[in-house]
Amino acid sequence: MEQLDLNQIRTFVKLVQAGSFTKAAEILHQPKSRVSRRLAALERDLGIQLVYRTTRQFQLTDAGRVYYERSRGLVEGLESLSAELSEETADVSGWLRITASDDLGVLHLPDIVAEFSKQHPRVRFEVFLSQAYVDLVKESIDVAVRIGVLKDSSLRVKKVSTLKSVLVASPGFLERYRQAEDLDNISTLPFLALGSQAKIELWRVSDGKKMTFKIEPVFLANNPNMVLQMALQGRGIGLVPEFIAAEHIRSGRLLHIHRGLRGQEIPISLVSPEQKEVSLKTKKFIDFAAKRLKEKFEQF
């Protein structure tokens, strides 16, 4: 038996799956005569008849049925491998429109975008930062980084990590308010609140028990970075996302107090519009950004 030709085997498999020479030729983008020649060549190389031919149709021989069942997996496996490799090595280009919250976007997107751009230099980015959720379809957004529980069922969602919040205060504030070391005193201390909070909910790290505390806000803001800045000024205790406070905690400008407690864990997700076909550049960016965001948030 001569060395087998994979093109001949693939032609045979596609012929069986198509059910006719005409349809197989269409699928393979080849003349019907070539399909017929390749089948004849495969039968000649194997030394067996694979199909019974008639004017308009064909029927598998017993040997043809066995050969199809054994060769189909080989052909489909090679096609799948080729598709995966093509996708991995395919160059991507064009504009990618991304949205994220101000704080997360400023801290983490520059590194992610810069690193992705090195791998795919023909991709250009347009980034919209906003604390409010942007309408992805209306604004033609490809990818959004969302913090919180998502209620919109028309989105493709890829959860990547969770956001944790921690209690922080400046060394100067804690010097003036030593009673802050006692958790029972938290309700009487100056508090920097996000939104119009009259209470905060904390979870014990050791056992997950939920604890609720009344607070006395001396400052209200709708942006966690503003709360963080006021804490740095020594104006009170703040419950802020750990990722925006981490550098200040490492430098000693803020202290992480009551380390056994955390705010509610909130999901961080990458989302794209369900009704919009996902381009290769979008898929590649989502996979890349998901890995990098997970690495960043697992540090905390």
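Colleague: Which residue in S10 stands opposite Ile200?
Modeller: This is a predicted model, in which local features need pLDDT of at least 70, side-chain atom pairs count only at pLDDT 80 or more, and totals for chains, interfaces and linings use all residues. Residues are numbered from 1 along each chain as its sequence is written, and side-chain values use heavy atoms, with hydrogens and water left out. The label S10 marks a strand; strands (E, at least two residues) and helices (H or I, at least four residues) are DSSP runs, numbered from the N terminus. Opposite Ile200 in S10 stands Phe213.

Colleague: How many bridges join S9 to S10?
Modeller: Two strands count as paired if DSSP finds at least two bridges between them. S9 and S10 run antiparallel, and the number of bridges joining them is five.

Colleague: Which residue takes a positive phi in the hairpin of S9 and S10?
Modeller: Between the two strands of this hairpin there are five residues. The positive phi, near 75°, belongs to Gly208.

Colleague: In what order do the three strands of the open sheet lie?
Modeller: The edge strands can be picked out by their pairing on one side only. The sheet is open, its pairing is antiparallel, and the order is S10-S9-S14. Its edge strands, each with a partner on one side only, are S10 (210–214) and S14 (261–262). Two bridges join S9 (residues 199–204) to S14, and the strand order is therefore compatible with the pairing rule of at least two bridges, giving S10-S9-S14.

Colleague: What is the bridge partner of Arg204 in S14?
Modeller: S9 and S14 run antiparallel and are joined by two bridges. In S14, Arg204 is partnered by Leu261.

Colleague: Which helix gives the most to the nonpolar patch?
Modeller: A patch is made of residues with over 30% relative accessible area and no salt bridge, with nonpolar side chains (Val, Leu, Ile, Met, Phe, Trp, Tyr) joined within 5 Å and like charges within 9 Å. This one consists of Leu6, Leu74, Leu78 and Leu81, with about 350 Å² of accessible area together; such areas come from the Shrake-Rupley method with a 1.4 Å probe, and for residues only the protein chains shown count as cover. Three of the patch residues come from helix H4 (residues 62–89).

Colleague: Is Glu43 buried or exposed?
Modeller: Glu43 forms a salt bridge (a side-chain nitrogen of Lys or Arg within 4 Å of a carboxyl oxygen of Asp or Glu) with Arg53, the closest N and O atoms being 2.7 Å apart. The pair links helix H3 (residues 32–46), which holds Glu43, to strand S1 (residues 51–53), which holds Arg53, 10 residues away. The scale calls a residue buried under 20% relative accessible area, exposed over 50% and partly exposed in between (1.4 Å probe, protein chains only). Because its relative accessibility is 10%, Glu43 counts as buried.

Colleague: Which residue forms a salt bridge with Arg262?
Modeller: The closest N and O atoms of this pair are 2.9 Å apart, and the partner is Glu242. Arg262 lies in strand S14 and its partner in helix H8 (residues 242–251), so the bridge ties together parts 20 residues apart in sequence. At a relative accessible area of 11%, the buried partner is Glu242.

Colleague: How far apart are the closest N and O atoms of Asp287 and Lys283?
Modeller: Both residues lie in helix H9 (residues 280–297), four residues apart, which is about one turn of the helix. Asp287 is partly exposed at 39%, and Lys283 is partly exposed at 37%. Their salt bridge has its closest N and O atoms at 3.5 Å.
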